[in-house]
Amino acid sequence: MSKQPSSYLSSKLEARPRADGSGNGIFSLEPIRKGELVAVFGGVVYEWDAFIHLPERDRSLCIQVEDRLFLVPRPIGEGDYVNHSCNPNAGLSGQIGLVAMRDIKIDEEVCFDYAMSDTMPYDEFECGCGQPTCRGKITGNDWQRPELQKRYAGFFSPHVQRKIDTERREKRIFEQATRLANPQKFPTPARLYK
Ligand SMILES: [Zn+2]
């Protein structure tokens, strides 16, 4: 088997231990411009039922790529050490691409928010990112938070975006039905259907 890692990391970045001793992260060696590709994840795709029995390390380094599908790096490379932040400087482009959400300075750690990819409870943890926007506990349901849907518009994995679109559509249908069923509470329904 090839020893080449399954993920790609831009030559402008490297993996190294974080200063606080909490494992590895990826850090910029050169300035990176907003929109630049920084990493592409790779590996073997597992369905949920098999994935959930993999060792903890495999599960923590993977990325969810579809509703019940998970990409596990084989072999692990530098690009697989992208950590979570509640104030990320990178976001997803498609299922496996990672791009800069803003300009990134030298020596900044490059992180994304796991809410951009996760809809299942496989990697939930207490977050210690220390950002003012830190939400404390990271869960598989965070993609449902309205403030995150707004902040990360355009940076969600396609499977998460489909869920967001479906949720919005169902909410709209429910609201229209509520208005139809309660005309006394909503006296001017006509303008709602424009
Ligand atoms: Zn946090």
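How many bridges join β6 to β7, and in which sense do the two strands run? In this predicted model, the two strands run antiparallel and are joined by three bridges. The connection between β6 and β7 is a hairpin that passes through two residues. Within the pair, E66 is placed opposite L69 of β7.

The hairpin belongs to a protein chain whose secondary structure amounts to four helices and 13 strands. The chain has 194 residues, of which 30% count as buried. Its C-alpha atoms fill a box of roughly 65 × 40 × 25 Å along the principal axes. Among the contacts in the chain with a separation of 6 or more, 65% are between residues 24 or more positions apart.

A further set of strands makes up an open sheet. Four strands take part, in the order β1-β4-β10-β9, and their pairing is antiparallel. At the edges stand β1, residues 8-9, and β9, residues 90-93, each of which pairs on one side only. Strands of a sheet pair through backbone hydrogen bonds, in either a parallel or an antiparallel arrangement. For β9 the partner is β10, residues 97-100, and the two are paired in the antiparallel sense over four bridges. Here S93 stands opposite G97 of β10.

The discussion now turns to the nonpolar core. In soluble globular proteins, nonpolar side chains tend to be buried together. The largest nonpolar core of this model holds 36 residues, and those touching the most other members are V38, V82, A90, V110 and M116. Several strands supply at least two residues each to this core, namely β3 (24-28), β4 (37-40), β6 (63-66), β7 (69-72), β9, β10 and β11 (111-112). The largest share, three residues, comes from β7, the strand that the hairpin joins to β6. V110 illustrates how distant parts of the sequence meet: beyond its neighbours within four places in sequence, V110 is in contact with L13, I26, S28, V38, V82, N89, A90 and I104.

After β7 the chain enters the loop between β7 and β8 (83-84), where P73 is placed. Is P73 buried or exposed? P73 is buried, because 20 other C-beta atoms lie within 10 Å. Residues up to four places away in sequence aside, P73 touches P5, S6, S7, G42, G43, L61 and D80. One of these, S6, is 67 residues from P73 in sequence, yet the two C-alpha atoms are 5.9 Å apart in space.

L61, another of the residues that P73 touches, lies in helix α2, residues 56-61. L61 is likewise buried, because 20 other C-beta atoms lie within 10 Å. Leaving aside neighbours within four places in sequence, the contacts of L61 are P73, I76 and D80. D80 is therefore in contact with L61 and is also touched by P73.

From L61 the view can be extended to R179, 118 residues away along the chain, where the C-alpha separation is 46 Å. Helix α4 spans residues 158-181 and has 24 residues. From its first C-alpha to its last, α4 reaches 34 Å, close to the 34 Å expected at 1.5 Å a residue. This helix is hardly covered, as one of its 24 residues is buried.

Definitions and conventions. Residues numbered from 1 in each chain as written. Predicted model: local features only at pLDDT ≥ 70, side-chain atom pairs only at ≥ 80, totals over all residues. Pairing = 2+ DSSP bridges. Core = buried A, V, L, I, M, F, W, Y, C linked by C-beta atoms within 7 Å. Buried ≥ 20, exposed ≤ 12 C-beta atoms within 10 Å, placed from the backbone. Contact = placed C-beta atoms within 7 Å. Expected span 1.5 Å × (residues − 1).
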